[in-house]
Amino acid sequence: MKNISVPASDQLSPESQQLLEVFQKRLGRIPNLYATIGYSSNALKGMLAFEEDLNHGVFNAKEKEAIYLVVSQVNGCEYCLAAHSLLAAKRGYKPAEILDLRRGLATDVKLQAALQLAKAIAENKGAVEDSFKNSFFEAGYNESALMELIALVTIRTFTNYVYVLTKIPIDYPTVEKI
């Protein structure tokens, strides 16, 4: 079986190198997952553009972290759980809240509806029971929010699958299993 390793910068195309420079400047390093996605400049460019567009949507940064945590938990992505647990803490979530979010639980009723729908989407490949959609709409979300929630599940599923298929080293503090 072929092992996939984190590429050195000189193994990547100039376009991928340029795209990854942003992380080097912002974080002082390039996360292993992003470097690995950089094997394909098209995949990296598309993913970064998709994420950037979603930064201007219905869900704020804190809500997105919650959604990313539940999706990453469903998909068994230790890398994204580590990265997004750290980011969730920076957004103000406490350790116990982060564990609950990974389980799809939130104290805020509206966020709870979004988490439950995101979890159901990830678990059932989109074929969710009507009750999850109904709860989402009853919580005050609309069709635009539904499309963005599906997009958030999709983008995180992509990175989750990259890790699950490559098992690259996790370069964030690891989190407990639940």
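Buried means under 20% relative accessible area, exposed means over 50%, and partly exposed is anything in between. Keep this scale at hand for the exercises below, which use a predicted model.

**Exercise 1. Sort F137, F136 and V128 into buried, partly exposed or exposed.**

Step 1. Take F137, which has a relative accessible area of 32% and is therefore partly exposed.

Step 2. F136 has 0% relative accessibility, so this residue counts as buried.

Step 3. V128 comes out at 17%, and because buried means under 20%, V128 counts as buried too.

**Exercise 2. Find where V128 lies and which residues it is in contact with, leaving aside neighbours within four places in sequence.**

Step 1. Look in the loop between α7 (109–124) and α8 (130–138), where you will find V128.

Step 2. With those neighbours set aside, the contacts of V128 are L117, A120, I121 and K133.

Step 3. Now pick out L117: 11 residues along the chain separate it from V128, and their C-alpha atoms are 7.7 Å apart.

**Exercise 3. Describe the aromatic pair of F59 and Y141.**

Step 1. Start with the whole structure, in which a search finds 6 aromatic pairs.

Step 2. For F59 and Y141, the ring centres are 5.4 Å apart and the planes stand at 35 degrees, so this pair is tilted.

Step 3. Place both residues: F59 is in the loop between α3 (41–54) and α4 (61–74), while Y141 is in the loop between α8 and α9 (143–166), so the pair ties together parts 82 residues apart in sequence.

Step 4. Check the burial: both F59 and Y141 are buried.

Step 5. Compare with F136 and F137, an edge-to-face pair with 5.8 Å from centre to centre and 70 degrees between the planes.

Step 6. Put the four together: ring pairs link F59, F136, F137 and Y141 into a cluster.

**Exercise 4. Which rings have the charged ends of K62 and K110 sitting over them?**

Step 1. The charged end of K62 sits over the ring of Y93, 4.7 Å from the ring centre.

Step 2. For K110, the ring is that of Y141, with the charged end 4.7 Å from its centre.

**Exercise 5. Work out how α1 and α3 pack.**

Step 1. Helix α1 (residues 14–27) packs against α3 at an angle of about 35 degrees, and the axes are 9 Å apart.

Step 2. The crossing of these helices is left-handed.

Step 3. E15, S16, L19, L20 and F23 from α1 meet S41, L44, K45 and L48 from α3.

Step 4. Sort the residues of this contact, and you get 5 nonpolar, 2 polar and 2 charged.

Terms used
Residues numbered from 1 in each chain as written. Predicted model: local features only at pLDDT ≥ 70, side-chain atom pairs only at ≥ 80, totals over all residues. Heavy atoms only, no water. Helix = DSSP H or I, 4+ residues; strand = E, 2+ residues; numbered from the N terminus. Buried < 20%, exposed > 50% of the residue type's maximum accessible area, 1.4 Å probe, protein only. Contact = heavy atoms within 4.5 Å. Phe/Tyr/Trp six-rings, centres within 6.5 Å; stacked < 30°, edge-to-face > 60°. Lys NZ or Arg CZ within 6 Å of the ring centre and 35° of its normal. Axes fitted to C-alpha atoms, helices over the stretch in contact; angles between N-to-C directions. Left-handed = near helix turned anticlockwise from the far one by under 90°. Nonpolar A, V, L, I, M, F, W, Y, C, P; charged D, E, K, R; others polar.
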